[in-house]
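Please look through the structure below before reading on. The points after it are meant to be checked against the model one at a time.

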Amino acid sequence: MYYENEDVQTEQTEYPWLIFKLCGEYFTFTSELVSSIMMLPQNIVPMPNSPQYVRGIFDLRGKIIPLIELRRLFGMKSLTEEYQEFADMLEARKQDHLHWVKELERSVKQNEPFTLATDPHQCAFGKWYDNFESDLHTINHHMRKIDEPHTKLHQTALEVEECKQNCDDCERDECLKKVFGKLSDEYVPQIVSLLDEAKELFKIDFHEMVIVLEKDDQYFGIMADEIVSVEDLEEIGSVDNMGGSSESDFISGVRKSKSVDKSILVIDESALISTITGKKKVL
């Protein structure tokens with residue numbers, strides 16, 4: 001039955017937001033756009049002459065989907081670059097400590113003062129280690145294992161000095177042999193092994209995810225470091241003061257979550273899709 005004065009209201013569906021991480025920052029899309037979430041596929045086909053941020057294309061249930069590497073599009077380091085920097089840094093710190101041991105041995109043989117760091121917090125690795133935190137819980141847990149042997153390694157310099165000062169000649173040789181035995185047989189192998197394992201864990205445990213977006217019958221795969229949650233978010237502001245980064249060109253707002261302490265950046269899907277397709281954004 002039709003009533004002439006009846007007000008007809010159409011309710012707009014409120015979709016929750018998909019939160020994901022990228023290079024330590026939090027981003028979100030409305031879940032209305034999300035078609036599926038999956039592990040990084042193995043069947044990626046590179047696209048010749050495509051922009052650097054296009055990893056390639058892949059087949060998903062008969063649909064050919066372009067795969068976009070947001071890190072590159074946003075001007076961030078790629079995951080490969082981040083891993084290589086991490087691996088290179090650990091290798092350099094490993095070599096530092098191998099040199100440290102040789103220098104300690106040389107100082108004893110030459111009866112010269114030892115001038116390198118005896119405080120485990122003052123060497124290059126210690127300064128980095130004290131502030132290290134990864135998005136990967138397995139890496140954080142693994143790196144904590146290094147603290148004890150690393151501390152003991154640096155303490156051997158103090159133990160060597162005690163041997164030299166407090167022992168007679170024959171006892172001193174036995175004391176030094178015992179100290180250097182622990183250094184070469186326990187502390188150094190433990191540190192070297194743990195640093196090498198950390199590099200492998202980073203490579204194994206960083207499982208890149210793909211968010212497949214659907215907009216106007218077009219599909220796009222977006223690479224993410226980690227899927228965090230799907231939930232309602234509160235709008236808290238604009239992005240007028242973000243600066244001139246590549247990332248800011250694709251951000252339309254900032255939202256707040258009850259489960260995430262940091263601000264969450266809202267990706268402007270129109271700006272993103274227009275960049276991917278080469279079409280101008282419709283204002």
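The numbered points below deal with cysteines, nonpolar cores, aromatic rings and one exposed residue.

1. The model is predicted, not determined by experiment. Please keep this in mind when reading the values in each point.

2. How many disulfides does the model hold? The count is 1 disulfide. A disulfide is a covalent bond between the sulfur atoms of two cysteines. Here the two cysteines are Cys163 and Cys175, with 1.8 Å between their sulfur atoms. This pair counts as a disulfide because its sulfur atoms lie within 2.5 Å. The angle about the S-S bond is -55°, and the link is left-handed.

3. Which parts of the chain does this disulfide tie together? Cys163 belongs to helix α5, residues 147–166, and Cys175 to helix α6, residues 169–205. The pair therefore joins parts that are 12 residues apart in sequence.

4. The two partners can also be described by accessibility. Cys163 has a relative accessibility of 1%, so it is buried, given that buried means under 20%. Cys175 has a relative accessible area of 23% and is partly exposed. Two further cysteines can be described in these terms: Cys123 is buried at 10%, and Cys23 is partly exposed at 32%.

5. The largest nonpolar core has 32 residues. The members that touch the most other members are Leu90, Phe125, Met143, Leu153, Leu183 and Phe202. Helices α2 (79–109), α3 (124–129), α4 (137–144), α5 and α6 each supply at least two residues of this core. Which helix gives the most? That is α6, with 11 residues.

6. Leu153 is a useful residue to click on. Which residues does Leu153 touch, leaving out those up to four places away in sequence? The contacts are His97, Trp100, Val101, Leu183, Tyr187, Val188 and Ile191. Of these, Leu183 is also listed among the core members that touch the most others.

7. A second core is separate from the one just described. This second core has 27 residues, including Ile68, Ile222, Ala224 and Ile267.

8. The aromatic pairs number 12. One of them is Phe125 with Trp128, whose ring centres are 5.7 Å apart. Is this pair stacked, edge-to-face or tilted? The planes stand at 45°, so the pair is tilted: stacked would need under 30 degrees and edge-to-face over 60.

9. Both residues of that pair lie in helix α3, 3 residues apart, which is about one turn of the helix. Phe125 is buried, with a relative accessible area of 3%, whereas Trp128 is partly exposed at 24%. Trp128 also pairs with Phe132. That pair is tilted too, with 4.6 Å from centre to centre and 40° between the planes. Phe132 is partly exposed, at 21%.

10. Phe125, Trp128 and Phe132 belong to one aromatic cluster. The cluster also takes in Tyr83, Phe86, Tyr129 and Phe202. Phe125 and Phe202 are also among the residues with the most contacts to other members of the largest nonpolar core.

11. Is Asn166 buried or exposed? Asn166 has a relative accessible area of 60%, so it counts as exposed, the cut-off being over 50%. Asn166 lies in helix α5, the helix that also holds Cys163. The C-alpha atoms of Asn166 and Thr80 are 52 Å apart, and the two residues are separated by 86 residues along the chain.

Technical notes. Residues numbered from 1 in each chain as written. Predicted model: local features only at pLDDT ≥ 70, side-chain atom pairs only at ≥ 80, totals over all residues. Heavy atoms only, no water. Helix = DSSP H or I, 4+ residues; strand = E, 2+ residues; numbered from the N terminus. Buried < 20%, exposed > 50% of the residue type's maximum accessible area, 1.4 Å probe, protein only. Core = buried A, V, L, I, M, F, W, Y, C linked by side-chain atoms within 4.5 Å. Contact = heavy atoms within 4.5 Å. Phe/Tyr/Trp six-rings, centres within 6.5 Å; stacked < 30°, edge-to-face > 60°.
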